[in-house]
Amino acid sequence: MRNFLVAISLCTCFILSGAALAESTLSDDEAASKHMVAEAKLTAHFIHAAIKAGMSTQEINAVLADVAEHSVISEFWISDEHGQVAFTNIPGTSFHFPTDPKSGTQAAPFATLLQGSESVVIQAQEKRELDGALFKYVGVAGVDQPRIVQVGISAAELHSP
């Protein structure tokens, strides 16, 4: 497992160093979105590897919580194939993503990831369904099965120096 985490760390460094070169021509929102897509894709691969390695839900959630505590990522929301959140760094929260992308809710566009019609969904800052807090979310499709792999950053984090 340690080798896996080292490999993920190295991938992140390469992605972030490459993104830093491209950022000079991007708006702040475009740059944040690109970073968030990379973070979500790495998370999707981590979830797949962690499940394959036999990690428990609690162990996976602990890793997600540690990453969130030590980075700008505020939240991880990873669903099962039905949209029910299976892994998160927010203990005690139960959330179910809508499965209809036209349901009109803040989380509805991410249903396209479950359906396979999109592989990446980037959402502008918006009040989230859960509690009305302002967040930016990016989601990618799972690599091991149909699922939503979403990372979120609070508006406060996005606008902090």
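Select F46 first: this residue sits in helix α2, where helices are DSSP runs of H or I with at least four residues, strands are runs of E with at least two, and both are numbered from the N terminus. F46 is buried, at a relative accessible area of 6%; buried means under 20% relative accessible area, exposed over 50%, and partly exposed in between, with a 1.4 Å probe and protein chains only. Now add V143, which is 97 residues from F46 in sequence and 9.6 Å from F46 in space, C-alpha to C-alpha.

The model is predicted, so local features need pLDDT of at least 70 and side-chain atom pairs count only at pLDDT 80 or more, while totals for chains, interfaces and linings use all residues. Residues are numbered from 1 along each chain as its sequence is written, and side-chain values use heavy atoms, with hydrogens and water left out.

**The whole chain**

Zoom out and colour by secondary structure. The chain has five helices and six strands, and from the N terminus on the elements run α-α-α-β-β-α-β-β-β-β-α. Of the 161 residues, 39% are buried. Among contacts (heavy atoms within 4.5 Å) with a separation of 6 or more, 47% are between residues 24 or more positions apart. Switch on the surface: about 8,500 Å² is exposed, and carbon and sulfur atoms supply 58% of it. Accessible areas come from the Shrake-Rupley method with a 1.4 Å probe, and for residues only the protein chains shown count as cover.

**The largest nonpolar core**

Select F46, I60, L64, F76, I78 and V151. Within the largest nonpolar core, which has 20 residues, these six touch the most other members. A nonpolar core is a set of buried Ala, Val, Leu, Ile, Met, Phe, Trp, Tyr and Cys residues joined through side-chain atoms within 4.5 Å. Which elements each supply at least two residues of this core? They are α2 (28-52), α3 (57-69), β1 (75-79), β5 (134-141) and β6 (148-154). The largest share, seven residues, comes from α2. Apart from this core lies another of twelve residues, among them W77, V85, A107 and L114.

Return to I60 and show its surroundings. Leaving aside neighbours within four places in sequence, I60 is in contact with F46, I47, A50, I51, M55 and F87.

**Strand β6**

Next select I148, which is found in strand β6. I148 counts as buried because its relative accessibility is 0%. Add I78: the C-alpha atoms of I148 and I78 are 5.5 Å apart, although their positions lie 70 residues apart along the chain. Not counting residues up to four places away in sequence, I148 touches W77, I78, S79, F97, F110, A111, L113, L114 and V140.

Stay in strand β6 and move to G152. Buried or exposed is G152? G152 counts as buried, because its relative accessibility is 0%. The C-alpha atoms of G152 and I73 are separated by 6.1 Å, with the two residues 79 apart along the chain. Apart from neighbours within four places in sequence, G152 is in contact with M36, I73, S74, E75, F135, K136 and Y137.

**Helix α4 and a loop**

T112 is the next stop, in helix α4 (residues 111-115). T112 counts as buried because its relative accessibility is 13%. With residues up to four places away in sequence left out, T112 touches P101, S117, E118 and V121.

Then go to Q123, in the loop between β3 (120-122) and β4 (126-127). Q123 counts as buried, because its relative accessibility is 6%. Q123 and K136 are 13 residues apart along the chain, and their C-alpha atoms are separated by 6.2 Å. Beyond neighbours within four places in sequence, Q123 is in contact with Q106, P109, F110, K136 and Y137.

**The cavity**

Finish with E75, W77, F95, F97, Q106, A107, R128, E129, L130, Y137 and Q150, which line the largest cavity. A cavity is a set of points, on a 1 Å grid over the protein atoms alone, where a 1.4 Å probe fits but cannot get out; lining residues have an atom within 4 Å of a point. How many cavities of 30 Å³ or more does a search of the whole structure find? The search finds one. The volume of the largest cavity is about 110 Å³, where volume is the space filled by probe spheres set on the points, and points are joined across faces, edges and corners. By class, the lining has six nonpolar, two polar and three charged residues. Here Ala, Val, Leu, Ile, Met, Phe, Trp, Tyr, Cys and Pro count as nonpolar, Asp, Glu, Lys and Arg as charged, and the others, Gly among them, as polar.

Notes. On a 1 Å grid over the protein atoms alone, a cavity is a set of points where a 1.4 Å probe fits but cannot get out, and a pocket is an open set with protein on both sides within 12 Å along at least five of seven lines; lining residues have an atom within 4 Å of a point.
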